[in-house]
Each structure stands twice: as C-alpha cells, then as structure tokens.
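Here are some exercises to work through with a structure open beside you. Try each task yourself before you read its solution.

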Amino acid sequence: MAKGNDAAAMDIDDQNSAASVQITNPKFSINVLHLLKSAQMQHGLRFGDYARYRRYCTARLRRLYKSLKFTHGRGKYTKRAITANTVTEVRYLHLVLYAAERAWSHAMEKKTLPDGPNARQRSYLIGRLRKAVKWASHFKELCAFKGDSRTSLEAEAYASYMKGSLLFEKDENWDIALKCFKSARAVYEELGKYGDLENQVLCRERVEELEPSIRYCLHKIGESNLQTSELLHVGEMEGPALDLFRAKLEAVMAEARSQQAASMNELHWLGHRFPISNAKTRVSILKAQELEKDVNGSTADSVPTEKKLAIFDKIFAAYNEARSCIRNDLANTGNSESMKDDLSGLDKAIGAVLGERTIERNQLLVRLAKSKLSKVRDDKNEKVTKPEELVRLYDLLLQNTADLSDLVSSGRDMKPEEVAFSEQCELKSLVFRAERCLYLAKSYSLAGKRPEAYALYCKARSLVENAVKKLQSSTHADQVAINELTTLYNECRSNICIEHATGIMEEERAPENLSNQISNILLTGNNKKPEKLLMEKLDDYESAVGDPTTKSIPRIEAFPLAFQAVPRNPIVRDLAYDLIEFPSLENKMKKEKKGLIGRLWG
C-alpha cells in the first residue's frame with residue numbers, strides 16, 4: 001500500500017515538473033513561409049524591388065527593437081546577443097528572421113543591378129549572403145529550443161536554402177549546395193501534405209522554385225545530361241527564389257556567347273559579308289539569333305503568343321544594342337573610308353533584320369486579333385477585336401514594309417538577292433493592302449453603309465487577284481501563300497454577294513419601314529409611362545439600377561435637381577427720397593483749427 005502511494009506521488013511530481021518546465025520554457029509557433037511570402041509580396045518583391053523590401057525589413061526591425069525595449073544603447077553601441085534565455089516571446093524570433101531577410105534582400109539588390117555587380121559589389125554581395133546565412137543558422141538554433149516542431153522544421157529548411165544560395169553564388173562546393181537545396185525541398189514537400197489549402201499551395205510553389213537550382217547544381221556536378229542552352233527553359237517560373245538562379249544563368253549564357261562570339265567574324269546578309277570587329281556587337285547579335293530560334297524554330301508552335309511577344313521585345317533590345325555599338329564605332333572610326341563602309345553596311349543589315357522581325361511581330365498581333373474577331377464577349381469580359389483595330393495593324397504593316405523596302409533599295413549597286421527581297425516586300429505590301437481593304441469593308445458593313453462596303457470588297461478582290469498573278473509569275477512561288485490568297489479571294493467574293501443581297505433587301509423594305517414609322521407617330525406626344533425614381537418607390541422591391549447586362553440609366557434621383565421656389569425679403573423702393581429737402585449740418589460739423597501761419601495763407 002505504501003509502495004502504491006509512493007508511485008502515485010512520483011507521478012504527480014513528474015506531471016508538476018513537466019508543467020513547470022512548459023511554463024518556464026514555452027514553445028512558440030511561426031508559419032515562416034507564409035510570413036515571409038506575404039511580407040515579400042506586399043513590400044516590393046511582387047515587382048522585383050529588393051531595395052523597397054530591404055527598407056521594409058529595416059523599419060520592421062526598428063519597430064521590433066523599440067517595442068521589445070531591446071535597443072543597443074543610446075549613445076555608444078552596446079551589442080546585446082539574442083540567446084535562448086532571451087527569447088521570452090515570439091517577437092524575438094521575428095528579430096532574427098527579419099535580420100536574415102534584410103541581409104538577403106541587400107545581397108539580391110546588388111545582384112539585380114542593371115549592368116550586374118562589379119568586382120567590389122560582388123564581394124559585398126557575398127558578404128551580405130554570408131551574414132544572411134549566419135542569421136538563418138541562429139534562427140534555426142533558437143527555433144530548435146523555443147519553437148514547436150513545425151517551426152523548427154521550417155527554420156531548418158530556411159537555413160538550408162540560405163546556405164545553398166551562398167554556395168550557389170560563390171561557384172564552389174556544388175555538392176554541398178545540392179544537398180542544402182534537396183534538404184529544403186524535402187522539408188517543403190512534407191509540409192505541403194498537411195495544413196490548410198493556402199499552406200499547401202505555398203509549399204508546392206516553393207518546391208517548384210527550388211527545382212531549377214537543383215537541376216543547375218546537378219548540371220555543374222556532371223550528373224545531368226542537360227545542355228547549357230536548355231537551362232533557359234528551366235527558370236521560366238516566377239518567384240523571388242529564382243532571381244538568383246536567373247542572374248547566374250544569364251552570367252553563364254553571357255560567358256557562353258562570348259566564347260561563341262570569338263569565332264564569329266562576319267555577318268552574311270543578302271549576298272553581302274560584313275566584318276564584325278567589336279566583341280559587344282558580336283555578343284548582341286548572337287543573343288538575338290538565339291532568341292529567334294524560339295520564335296521561328298521547330299518548337300515555335302508550342303510557345304504561347306504572350307511569350308512570343310516578350311521574346312520579340314528581347315530580340316529588339318539585342319539588335320538595338322548592337323546598332324548602338326556599331327554607331328559608336330562609326331563615330332570613333334576616323335578617316336578610314338573602308339571601315340566606314342563596312343560599319344555602315346553592317347548597320348544597314350541589322351536595321352533590315354530588325355525591320356523583318358518587326359513585321360513578324362505585327363503579323364503575330366494580327367493573328368491574335370483575328371482569333372478574337374468572331375468571339376462573343378464571355379463572362380471574363382475578354383476584349384473582342386473590332387475590324388477597325390485590324391485596319392490599324394495593317395496600316396503599321398504597310399508602313400513597316402515600305403520602310404524595309406526603302407532601306408534595302410537605298411544602295412547603289414543592288415545584288416540579285418536584294419532585288420528579289422524588294423520584290424517580296426512589294427508582294428507583301430500588296431497582300432497587306434488587300435487584307436486592310438477587306439477589314440475596312442467589314443467596318444463599313446457593321447456601320448450599315450452597304451454601298452461603301454460593296455465597293456471596298458470589290459477593291460479587295462481586285463488586289464488579291466493582282467497579288468495571286470504576281471506570286472504565280474515569280475520564280476519561287478510559295479504554294480502556302482497562294483492557298484491563303486485563294487481563301488481571301490473567296491471570302492471577298494462571298495462578302496460581295498452578301499452585301500449586294502443585303503442592300504437590295506434593305507431597299508425593298510425601306511417603304512414599309514417608312515410607313516411603319518409614320519403610323520407610329522402620335523399627335524399627343526409620347527405616351528410612354530415615365531419610370532419612377534428610387535425615392536418614389538421605396539415600398540416596391542424593384543431595382544433602380546436596372547439590368548446589369550444592359551446599358552440602362554440608373555433611376556435613383558433626378559439630376560440636376562429641379563428649381564424650387566423659396567421665400568425672400570421684399571423689395572421696397574423709396575419714391576419720396578428724391579423730393580425731400582434735408583436740413584444743413586454745417587454748423588454741427590467739427591471745424592479745423594488753424595494756426596497763425598495758416599490764417600495768413602488761408
């Protein structure tokens with residue numbers, strides 16, 4: 001009996017000691033990924049503004065230090081370390097976490113400079129990343145003592161990611177970096193299986209952001225068959241975790257282009273060979289040619305239209321950079337006529353290529369507009385193309401074609417390739433004129449102007465006939481273009497018949513419509529019952545705004561407000577005022593006193 005009482009007493013003592021330990025050593029919970037993701041998206045990283053996010057982290061740390069009364073002295077700086085005994089509430093853990101984020105965002109700010117970091121900035125960048133790893137490791141150690149199991153696990157993943165990012169930037173210990181990234185990915189994969197839907201989505205996005213870095217580490221180690229050029233498609237996702245990977249990838253591709261540009265000595269264009277002496281010019285041209293493969297290559301059909309437009313913008317930027325380098329060289333050439341001719345020809349060739357890509361981009365916009373021409377506005381309020389928009393696009397195409405033709409034919413001695421290219425530009429211009437005329441006719445048809453639409457359809461058909469004849473008579477007849485023109489000819493012909501028939505029907509119905517309109521005229525005016533305003537029908541459960549699908553005027557209150565009669569003071573006119581003689585007041589007025597001199601001189 002005594003032994004039983006002793007055992008019960010020991011159990012009670014153990015429970016009391018466990019409870020006392022839990023009170024003296026509480027466990028805090030932080031959803032690290034959700035906290036950081038919301039802070040990053042709300043304070044700059046949605047648009048890649050790392051400077052703004054760094055300022056937010058600095059302000060957040062200042063507020064935390066003041067609210068916790070954990071400042072480092074007033075005059076002289078006195079370091080106060082955050083240990084496990086110091087952490088009495090969760091805000092102490094926030095201090096360490098935001099210190100790591102501030103150092104990381106400062107490093108990424110230097111990494112994403114427009115011209116890239118120089119040697120000094122890169123050294124500073126690595127120092128800030130090293131500081132971020134230090135704070136992240138300290139955060140992991142504190143969460144191991146003061147955080148619950150989930151918080152501790154997220155802190156380990158965060159520290160692993162920071163360490164992997166440091167090694168990734170330093171270009172060393174790729175096996176350790178790979179181990180860190182894989183460890184972080186494993187943690188987020190496990191955490192993504194539990195919790196609410198938002199947490200699962202965040203963890204899944206984090207795993208996808210880590211995947212390109214892992215594949216790049218495998219590529220550097222040599223355990224992957226992925227080519228360097230194929231890595232560009234790996235980092236197409238969005239997210240702050242991928243900015244370091246993209247910067248590294250751009251540096252690798254720039255280095256590869258520089259090595260490839262060493263063997264590129266001249267540019268071939270329409271039978272001409274133009275030497276390229278500037279290394280920056282060669283790199284820019286190579287970059288543009290690599291991007292052109294994504295637009296005109298074998299996999300171009302699988303690329304979305306929005307992405308193609310973004311690639312065209314990059315192509316234009318690369319060619320414009322090459323032209324600026326050429327013009328700088330041209331300004332610094334001196335009196336060498338041969339070098340001036342070569343640079344001028346190279347500038348002309350790149351200008352012509354830029355014009356061709358501009359025409360291709362505008363044709364892509366035309367195809368996109370045509371796909372939305374016959375659509376009906378859906379629930380997503382997707383914009384529907386009008387024929388007038390296509391007319392404006394074809395105006396741009398005609399201007400681009402004319403500029404390109406003038407540029408190519410501006411030389412004195414034209415080669416056969418240039419003559420053939422000018423003929424192609426003329427044929428394209430004829431086709432663009434026909435299609436512009438077709439959509440201009442459609443806009444007139446929608447406006448109810450039948451004679452104008454009929455005449456424009458006939459003009460478009462004649463332009464298509466001329467284009468087909470010229471295309472068939474050319475030496476290199478394109479059968480696909482001939483089939484497209486045949487389809488366009490049939491469309492013009494069918495629209496001519498439709499407009500003719502519609503015009504005859506409207507002319508036949510004109511007397512009947514006129515008689516109907518005359519019969520509906522009322523001598524007493526419009527007998528339509530006026531709709532009541534909202535203030536007049538408060539007892540009726542009826543909407544005063546109207547149907548949202550129609551453009552009806554809301555009947556809430558009459559505006560402008562009607563004039564109302566208001567009382568005012570009466571107007572009184574004194575008729576006897578002009579006839580009254582008032583007495584003189586000179587004897588009551590104060591007389592001015594004058595001295596002796598004033599009396600003498602008045």
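The exercises below use a predicted model, and each comes with a worked solution.

**Exercise 1. Get an overview: how many helices and strands are there, and what share of the residues is buried?**

Start with the secondary structure, which comes to 17 helices and two strands. Then turn to burial: of the 602 residues, 35% count as buried. Finally, look at the contacts between residues at least 6 apart in sequence: 65% of them join residues at least 24 apart.

**Exercise 2. Work out where the model calls for caution: over which residues does pLDDT stay under 50?**

First take the whole protein: pLDDT averages 79, and 80% of the residues score at least 70. Next, find the weak stretches. Residues 6-23 stay under 50, and the model has zero contacts for them beyond four places in sequence. Residues 228-237 also stay under 50, but there the model has 24 such contacts. Where pLDDT is low, the predicted coordinates should not be read in detail.

**Exercise 3. Describe the hairpin: how do strands E1 and E2 run, and how many bridges join them?**

Step one is the pairing: E1 (residues 266-269) and E2 run antiparallel, joined by four bridges. Histidine 268 stands opposite arginine 273 in E2. Step two is the turn, where two residues sit between the strands and leucine 270 has a positive phi of about 50°. Step three is the faces of E2 (residues 272-275). In a regular strand the side chains alternate between the two faces of the sheet. In E2, His272 and Phe274 make up the covered face, while Arg273 and Pro275 are on the uncovered one.

**Exercise 4. Find the largest nonpolar core: which residues have the most contacts inside it?**

The largest core has 64 residues, and Leu95, Trp104, Phe139 and Tyr188 have the most contacts inside it. Now ask which elements build it: those giving two or more residues include helix H2 (32-42), helix H4 (90-111) and helix H8 (197-221). H4 gives the most, with twelve residues. For a close-up, pick leucine 95: setting aside neighbours within four places in sequence, it is in contact with Leu61, Leu64, Tyr65, Leu68, Phe70 and Ile82. A second, separate core has 62 residues, among them Ile276, Ile326, Ala349 and Val464.

**Exercise 5. Follow helix H13: what do its buried residues pack against?**

Begin with the length: H13 (residues 387-408) has 22 residues and reaches 32 Å from its first C-alpha to its last, close to the 32 Å expected. Then list buried residues, including Leu390, Tyr394, Leu397, Thr401 and Leu404. The buried residues of H13 pack against E1, helix H12 (337-371) and helix H14 (416-446).

**Exercise 6. Place arginine 323: is it buried or exposed?**

Locate it first: arginine 323 is in helix H11 (residues 305-331). Its relative accessibility is 18%, so it counts as buried. Beyond residues up to four places away in sequence, arginine 323 touches Asp347, Ile350, Gly351 and Leu354.

**Exercise 7. Check two cysteines: why is there no bond between cysteine 180 and cysteine 217?**

Look at the distance: the sulfur of cysteine 180 is 9.3 Å from the closest cysteine sulfur, in cysteine 217, so it is too far for a bond. Both are buried, cysteine 180 at 10% relative accessibility and cysteine 217 at 0%. For the protein, the count comes to zero disulfides.

Definitions and conventions
Residues are numbered from 1 along each chain as its sequence is written. Side-chain values use heavy atoms; hydrogens and water are left out. Buried means under 20% relative accessible area, exposed over 50%, partly exposed in between (1.4 Å probe, protein chains only). Two strands pair if DSSP finds at least two bridges between them. The expected span of a helix is 1.5 Å times one less than its number of residues. Contact means heavy atoms within 4.5 Å. pLDDT is the predictor's confidence in each residue, from 0 to 100. A nonpolar core is a set of buried Ala, Val, Leu, Ile, Met, Phe, Trp, Tyr and Cys residues joined through side-chain atoms within 4.5 Å. A disulfide is a pair of cysteine sulfur atoms within 2.5 Å.
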